[in-house]
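Welcome, and please load the model in your viewer. We will take a short walk through it, one selection at a time.

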Amino acid sequence: MTASDVQRGSSTLEPAHATTGTAHGRSFGSGRALRQGGKVLPEHARGHNRALLLQTLFHQGAMSRADLSRETGLTRVTISDLVADLIADGFIAEMGMREASGPGKPAMLIDLDRDGHRIVGLDLSGSDAFRGAVLTLDGDIVVRREVPVPDADTLLDAVVELARALVADSHAPVLGIGVGTPGVVDDRGVILTAPNLRWAGFDLESALETALGLPVLVANDANAAVLAEYTFGGAGDDVLLVKVGRGVGSGLLSAGQPMRGAHFAAGEIGHVTVGTDGGPLCVCGKVGCLEAWLAVPALSARLAAATDDAARESILRDAGERLGIALAPIVGALDVSEIVLSGPQELLDGPLAQATVETLRARTLAEFHDGVRVRMTEQGQDIVLRGAAVMVLSGQLGVS
Ligand SMILES: [Zn+2]
């Protein structure tokens, strides 16, 4: 590899992005890879080029070595070199010859070996069950398992057993294990606080790595979810995902970068109070928190007490308006283009989302923010599992 390869590799990141819409050199886990890497610059350049090549195949599919050279701006020699290594490592494979469509000899197509490795994803955010899955590198779920949420003193054992069973189900080398959990999680996978699971200052990532002998990445469930929406759901670079379940949380991408915040608590919007009219008492002790209006148990209880459809719609609209009040300053400050809702469709999709849109329009700058979309995710209940897979793809391969 030459210095010019390095230069060209980094300078062509943007064009690659422009052609695919979602391909980037950044990731949730790249900081971790850098943290563990050496300080030798050529090693970083090689890692960067390798990620660029994998990212290109991940988003564009099979192509020839010459196509890859053109798409990435890397030289043919560098491409051949990287391809040979990646074939040896089992990450990419030769797919056969492309039919010649003109003069010149037909070219061998190469692609990610999408069946060569599997990813295990875990979602610890459910109120009744811990869910897990084996996923392909494309984020497709091939095996599912779940266990009821166990007692507090056997939580870790249950998570380890679930992960171990899924690894056994994989029937291919496992690239890593991604975990989405409720609570605030730092950049090393330590759960700073997760009241629902009664974990505080618990290094789940290290505990699982020790028990399972595989790379593990742990993140907050909403932060995992926004990655799924970004990689598999077509979200843009500036997106806010609101996850409504037992609590309310959000995950944020700004310029394609996950936002973590000063205390790793970016996106914790559930305990922002909305309005000055009081409201329900929240579990945190404050009055009128967003969560007290919008979380599924609270909202369902109010709906159950409603006597007719008009009353139900009014309750849903009120919750949507509260959400809009909470989100308007975020839209204004960060200029997000899209808000994605994840949670029960029968609650969120309809009067609630409509009221959120109307409230946002009323409370933000029309010229820039009238076009902010509010939509449901299309990934349903699998969004955290798929986001956990993106964490692994990103952390292990630089792909997202
Ligand atoms: Zn609260």
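Start by selecting the donor residues of the zinc ion, which follow the sequence spacing H-x10-C-x1-C-x4-C. Keep in mind as you look that this is a predicted model.

Now show the side chains as sticks. Which protein atoms are the donors of the zinc ion? They are ND1 of His271 together with the SG atoms of Cys282, Cys284 and Cys289, at 2.0 to 2.3 Å from the ion.

Next, turn on angle labels at the metal. The four donor atoms make angles of 99 to 123°, and the site counts as tetrahedral because every angle has to lie between 85 and 135 degrees for that label. For reference, the ideal angle for four tetrahedral donors is 109.5 degrees.

Keep the zinc ion in view and colour the backbone around His271 and Cys284. Both sit in the loop between strand 14 (257–258) and helix 10 (290–294), so this pair ties together parts that are 13 residues apart in sequence.

Are these two donors buried or exposed? Switch on a surface: His271 is partly exposed, at 29% relative accessible area, and Cys284 is also partly exposed, at 41%.

Finally, zoom out to the whole protein in cartoon view. You will find 16 helices and 16 strands. Of the 400 residues, 50% are buried. Draw the contacts with a separation of 6 or more, and 63% of them join residues 24 or more positions apart. With the full surface displayed, the protein exposes about 17500 Å², and carbon and sulfur atoms supply 52% of that area.

Technical notes
Residues numbered from 1 in each chain as written. Predicted model: local features only at pLDDT ≥ 70, side-chain atom pairs only at ≥ 80, totals over all residues. Heavy atoms only, no water. Helix = DSSP H or I, 4+ residues; strand = E, 2+ residues; numbered from the N terminus. Buried < 20%, exposed > 50% of the residue type's maximum accessible area, 1.4 Å probe, protein only. Contact = heavy atoms within 4.5 Å. Areas by Shrake-Rupley, 256 points an atom, 1.4 Å probe, with all protein chains shown as cover. Donors = N, O, S within 2.8 Å, 3.2 Å for Na, K, Ca; no water. Tetrahedral: all angles 85-135°; square planar, octahedral: opposite > 155°, others 65-115°.
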